[in-house]
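Visitor: Could you take me on a close look at one part of this structure, the largest pocket and what surrounds it? I would enjoy a connected tour rather than a list.

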Amino acid sequence: PGLDQAIPGMAVGDSKTVEVPAESAYGAVNPAAIQKVPRSQVPTEINLEVGLQLQVQAPDGRVMPVIVSAMDEENVTLDMNHPLAGKDLTFAIELVAVD
């Protein structure tokens with residue numbers, strides 16, 4: 001919504017830089033969306049490394065992207081937050097047309 005709020009009032013050809021705080025972008029990091037799972041639950045053919053993006057299936061059947069945020073010998077920590085959650089964003093925008 002932060003970016004959407006910056007566009008009204010612009011005319012074709014206008015440009016500006018917009019600062020969007022995390023709360024108006026992808027929101028704050030949700031600690032409940034970070035889960036440790038036993039390493040034994042990850043297929044052995046997956047070469048785990050921090051930053052690796054995987055997909056997991058939720059109990060209701062939905063497929064969700066996750067990122068490996070930490071790991072040790074026994075557990076893998078999976079982060080289901082959007083990669084930009086908790087980050088303030090800066091956009092350089094130019095209005096090129098209005099449909």
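Guide: Let's start with the strands that shape the lining of the largest pocket: in this predicted model, strand E2 (34–38) and strand E3 (53–57) each supply at least two residues of that lining. The biggest contribution comes from E3, which gives four residues. The space inside the largest pocket comes to about 240 Å³. It is lined by 15 residues, and those closest to the centre of the pocket are Val37, Gln41, Val56, Gln57 and Leu78. By character, the lining divides into eleven nonpolar residues, four polar ones and no charged ones.

Val37 is a good place to pause. Leaving aside neighbours within four places in sequence, Val37 is in contact with Glu74, Asn75, Val76 and Leu78. Val37 also belongs to the largest nonpolar core, a group of eight residues that it shares with Val42, Leu48, Leu54, Val66, Val68, Val76 and Leu78. Strand E4 (63–71) and strand E5 (75–79) are the elements that give two or more residues to this core. So Val37 and Leu78 appear twice on our tour, because a nonpolar core is made of buried residues joined through side-chain atoms within 4.5 Å, and these two are members of the largest core as well as being among the residues closest to the centre of the largest pocket.

Apart from this core lies another, of six residues, among them Ala6, Val18, Val20 and Ile93. Two of these, Val18 and Val20, are also in contact with Phe91, a residue of strand E6 (residues 89–94). Phe91 itself counts as partly exposed because its relative accessibility is 29%.

Methods:
Residues numbered from 1 in each chain as written. Predicted model: local features only at pLDDT ≥ 70, side-chain atom pairs only at ≥ 80, totals over all residues. Heavy atoms only, no water. Buried < 20%, exposed > 50% of the residue type's maximum accessible area, 1.4 Å probe, protein only. Contact = heavy atoms within 4.5 Å. 1 Å grid on protein atoms, 1.4 Å probe; cavity = no way out; pocket = protein on both sides within 12 Å on 5 of 7 lines; lining within 4 Å. Points joined across faces, edges and corners; volume = space filled by probe spheres on them. Nonpolar A, V, L, I, M, F, W, Y, C, P; charged D, E, K, R; others polar.
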